[in-house]
Amino acid sequence: MASLEESIDELWEHRSDLAAGDGDATAIVDEAIELLDSGEARVAEIDPASDEIVVHEWLKRSILLLFRLATMSTTQVGPFEFADKLPLKKDFAAHGVRVVPGGSARRGAFLDRGVILMPSYVNIGARVGRDTMVDTWATVGSCAQIGERVHLSGGVGIGGVLEPPNAVPVVIEDDVLVGSRAMVTDGARIGEGSVIGAGTILNPSIPVIDGETGAEISRGHVPPWSVAVGASRRRELPGGEFFLPCVLVLRRLTEGERHDKAALNDVLRSHGVST
Ligand SMILES: CC(C)(COP(=O)(O)OP(=O)(O)OC[C@H]1O[C@@H](n2cnc3c(N)ncnc32)[C@H](O)[C@@H]1OP(=O)(O)O)[C@@H](O)C(=O)NCCC(=O)NCCS
């Protein structure tokens with residue numbers, strides 16, 4: 001993989017010289033995209049030693065290079081016509097993934113076994129962990145990292161890192177429930193086992209406040225095993241008193257506890273295939 005990384009970095013240095021359809025460059029970039037698609041490589045991960053998020057920039061670059069190199073193609077399904085540069089992911093059943101009509105994922109996204117896509121969208125570079133449910137109208141932005149047994153409820157927006165180009169992808173750790181229409185963007189992180197209330201807005205500018213003490217825990221990072229909701233905080237500005245959003249940690253779950261509102265329903269998740 002090291003030499004592939006070097007080749008991608010070299011292409012990146014000379015990206016302004018690359019033209020769409022360049023066969024040699026496309027072959028190199030495609031190798032990197034294949035690693036993302038199969039889950040062998042991932043754009044970002046949590047370093048277990050430091051608990052920090054490590055971003056593999058060269059894989060992000062390979063995606064940006066793909067956009068430069070790819071050519072437009074028109075496809076048709078019944079009366080629907082699409083014109084795009086990137087193909088969609090395929091062979092879901094063989095990989096133990098269930099996709100309801102209207103759900104789609106781009107090639108270069110990885111969906112682990114047991115994933116269910118309701119009519120939703122998963123962009124390139126994203127990774128969705130085992131047995132995770134991406135519910136109706138949820139979107140998983142480019143390079144976002146979603147853990148195992150997560151429920152992204154209806155209409156949840158998980159931001160991507162390609163446009164605007166952000167340094168760190170969104171990371172949702174294992175066993176999280178993100179409530180309906182919550183928006184988690186720009187490198188925000190939700191710790192393992194947490195439950196995020198419907199409609200919550202989380203990004204690295206939003207303070208996460210401990211409801212017990214009133215202290216600011218972080219900006220954009222909900223700690224593990226938290227039950228958190230969108231709330232507002234008073235803010236004095238020259239123009240008057242305003243209320244800006246924050247995320248309030250209402251209480252902490254004990255490690256390993258699943259919130260009763262976050263219970264998974266095995267009947268809905270059954271694939272009828274061994275996973
Ligand atoms: C966050 C959540 C799990 C909290 O549930 P809970 O632990 O049982 O807590 P409660 O319902 O007792 O609510 C605690 C407090 O938070 C408030 N609250 C609950 N949900 C809230 C939300 N989404 N945003 C802001 N405040 C919220 C309640 O009004 C309550 O305030 P109070 O203490 O003054 O009465 C739940 O409210 C929620 O949002 N679940 C997600 C639902 C969802 O999107 N399901 C999707 C299925 S597809």
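Start by selecting β25 and β26: together they make a hairpin, with 2 residues between the two strands. What you have on screen is a predicted model, so keep that in mind as you click along.

Color β25 (226-237) and β26 (240-252). The two run antiparallel and are joined over 12 bridges. To see one of those spots up close, pick R234 and then F243 in β26, its bridge partner. Strands in a sheet pair through backbone hydrogen bonds, in either a parallel or an antiparallel way.

**Out from the hairpin**

Now add β20 to your selection. How many bridges join β20 to β25? There are 2, and these strands run parallel. Click I196, then look in β25 for A228, which is its bridge partner.

One more step takes you to β17 (residues 177-178), which pairs with β20 (residues 195-196). That pairing is parallel and has 2 bridges. Here V178 sits opposite I196 of β20. So I196 is worth a label: V178 faces it from β17, and A228 in β25 is a bridge partner of I196 too.

**The whole sheet**

Select every strand in this order: β5-β8-β11-β14-β17-β20-β25-β26-β22-β23. That gives you an open sheet of 10 strands with mixed pairing. Which strands stand at the edges? They are β5 (98-99) and β23 (216-219); each has a single partner strand, so one side of each has no neighbour in the sheet.

Zoom in on the β23 end. Strand β22 (residues 207-210) pairs with β23 in the antiparallel sense over 3 bridges. One pair to click is V208 and S218, with S218 being the partner in β23. β22 and β23 form a hairpin as well, with 5 residues between the strands. Stop at G214 in this hairpin, where phi is positive, near 80 degrees.

**A second sheet**

Hide those strands and select β7-β10-β13-β16-β19-β24 instead. This is an open sheet of 6 strands, and the pairing is parallel. At its edges are β7 (110-111) and β24 (221-222), each with a single partner, so one side of each is left without a neighbour in the sheet. On the β7 side, 2 bridges connect β7 with β10 (residues 127-128). Click L111 and then V128 to find a pair of bridge partners, V128 being the one in β10.

**The ligand**

Next, show the ligand and the 14 residues around it. Which of these come nearest? Look for S180, A198, R251, H259 and K261. Three of them are good places to try the distance tool:

- S180: a backbone N or O atom is 2.7 Å from an oxygen atom of the ligand.
- A198: a polar backbone atom lies 2.9 Å from a nitrogen atom of the ligand.
- H259: an N or O atom of the side chain is 2.8 Å from an oxygen atom of the ligand.

On its own the ligand exposes 910 Å², and the protein buries 49% of that. Your starting hairpin turns up again here, as β25 and β26 are the elements that give two or more residues to the shell around the ligand. β25 gives the most, with 3 residues. Color the shell by class and you'll find 5 nonpolar, 6 polar and 3 charged residues.

**Zoom out**

Finally, color the chain by domain: domain 1 is 2-71 and domain 2 is 88-255. Their C-alpha centres are 24 Å apart. Where the two are in contact, domain 1 supplies 21 residues and domain 2 supplies 20 residues.

Terms used:
Residues numbered from 1 in each chain as written. Predicted model: local features only at pLDDT ≥ 70, side-chain atom pairs only at ≥ 80, totals over all residues. Heavy atoms only, no water. Near = heavy atom within 4 Å. Polar contact = N/O pair within 3.5 Å; in protein donor to acceptor, adjacent residues only side chain to side chain. Areas by Shrake-Rupley, 256 points an atom, 1.4 Å probe, with all protein chains shown as cover. Helix = DSSP H or I, 4+ residues; strand = E, 2+ residues; numbered from the N terminus. Nonpolar A, V, L, I, M, F, W, Y, C, P; charged D, E, K, R; others polar. Pairing = 2+ DSSP bridges. Domains from an automatic or database assignment. Contact = heavy atoms within 4.5 Å.
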